[in-house]
Amino acid sequence: WETTEPVAVELKSGRNVLRFKRYSEGHAKGFSIKEFKLIPWEDRQAALSEDEPTTDEPVMSSSHQNLLGTSLLLALADLSADGRLEPLPMDLSISSSRVRLLEAKGSGILAFQAVEGEKIVAVALEDLELADHALLARLVARLCPDEPAANARAGFYMEALGKAALAEQYRHRAGREAVAQFATMLDSTTE
């Protein structure tokens with residue numbers, strides 16, 4: 001069994017119906033669900049951090065962060081331009097409330113909207129923390145699950161945060177070739 005990434009689902013009081021679909025190569029595919037783990041939204045970060053602690057110090061050089069950040073920005077901008085950027089709720093280090101990513105531009109500007117409210121804020125990707133970049137990389141991998149580069153990128157970010165098990169899951173999904181390409185790109189830079 002493979003563990004998937006947590007998905008935030010807003011449930012209303014009363015009856016809720018969840019529908020699941022899986023597509024691969026443009027066709028619907030079957031799947032099985034071994035178990036569900038439902039936790040309140042406020043408890044999700046604590047539950048995730050119980051599984052695997054993060055390191056206090058990032059294990060990624062600034063030049064590697066810049067390269068991965070550029071790659072991430074291009075992926076987000078492509079998703080945004082194609083209309084495939086889903087405004088999913090997320091927590092960022094710069095915000096005290098949950099936000100949704102509405103738009104990403106190749107210039108490095110991301111437009112976020114508060115989940116509760118209408119306020120929209122433009123933020124430069126370079127102003128976000130490594131953990132925020134990792135969250136956005138996981139978003140790209142979630143929106144492009146069959147794209148090796150998206151999964152490899154998320155894997156490198158998870159490794160930088162000290163999340164070895166998650167990093168390995170993403171790298172497995174990416175495949176050796178995509179992981180090797182990212183590693184070669186990163187190794188070709190110097191501090």
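This is a short chat about the sheet, some helices and a few ring contacts in a predicted model.

Me: Let's start with the sheet. What is the order of its strands?
Reply: The order is β3-β4-β5-β6. It is an open sheet of four strands, and the pairing is antiparallel.

Me: Which strands stand at the edges?
Reply: β3 and β6 (120-124) do. Each has a single partner strand, so one side of each is left without a neighbour in the sheet.

Me: Go along the pairs for me. How many bridges do β3 and β4 have?
Reply: Two, in the antiparallel sense. Take Pro-89: its bridge partner in β4 is Arg-100.

Me: And how many bridges join β4 to β5?
Reply: Five, and these strands run antiparallel. Leu-101 stands opposite Phe-112 in β5.

Me: What links those two strands?
Reply: They form a hairpin, with four residues between them. Gly-108 is in the turn and has a positive phi of about 100 degrees.

Me: Now β5 and β6. How many bridges there?
Reply: Five bridges, again antiparallel. Ala-111 has Ala-122 of β6 as its bridge partner. Leu-110 stands opposite Val-123 in β6.

Me: How many residues lie between β5 and β6?
Reply: Five, and the two strands form a hairpin. The turn holds Gly-117, with a positive phi of about 130 degrees.

Me: Why is β5 called largely enclosed?
Reply: Five of its six residues are buried, so the rest of the structure largely encloses β5.

Me: Which strands does α2 lie across?
Reply: α2 lies across β4 and β5. It runs at about 85 degrees to β4.

Me: Switching to α3. How many residues does it have?
Reply: It has 14, covering residues 130-143. From first C-alpha to last, α3 reaches 20 Å. That is close to the 20 Å expected at 1.5 Å a residue.

Me: Is α3 mostly covered or mostly open?
Reply: Mostly covered: eleven of its 14 residues are buried. Among them are Leu-130, Leu-136, Leu-139, Val-140 and Leu-143. Asp-132, His-133 and Arg-138 are also on the buried list.

Me: What do those buried residues pack against?
Reply: Helices and strands both. The helices are α2 (62-81), α4 (148-160) and α5 (164-174). The strands are β3 (89-90), β4 (99-104) and β5 (109-114).

Me: Last topic: rings. How many aromatic pairs turn up?
Reply: A search of the whole structure finds one.

Me: Which residue lies over the face of Phe-156?
Reply: Arg-171, at 4.4 Å from the ring centre.

Me: And what sits over the ring of Tyr-170?
Reply: The charged end of Arg-173, 5.1 Å from the ring's centre.

Notes: Residues are numbered from 1 along each chain as its sequence is written. This is a predicted model: local features need pLDDT of at least 70, side-chain atom pairs count only at pLDDT 80 or more; totals for chains, interfaces and linings use all residues. Side-chain values use heavy atoms; hydrogens and water are left out. The expected span of a helix is 1.5 Å times one less than its number of residues. Buried means under 20% relative accessible area, exposed over 50%, partly exposed in between (1.4 Å probe, protein chains only). Contact means heavy atoms within 4.5 Å. Two strands pair if DSSP finds at least two bridges between them. Axes are lines fitted to C-alpha atoms, for helices over the stretch in contact, and angles run from 0 to 180 degrees between N-to-C directions. Rings of Phe, Tyr and Trp (its six-membered ring) pair if their centres lie within 6.5 Å; planes under 30 degrees apart count as stacked, over 60 as edge-to-face and the rest as tilted. A charge sits over a ring if NZ of Lys or CZ of Arg is within 6 Å of the ring centre and within 35 degrees of the ring normal.
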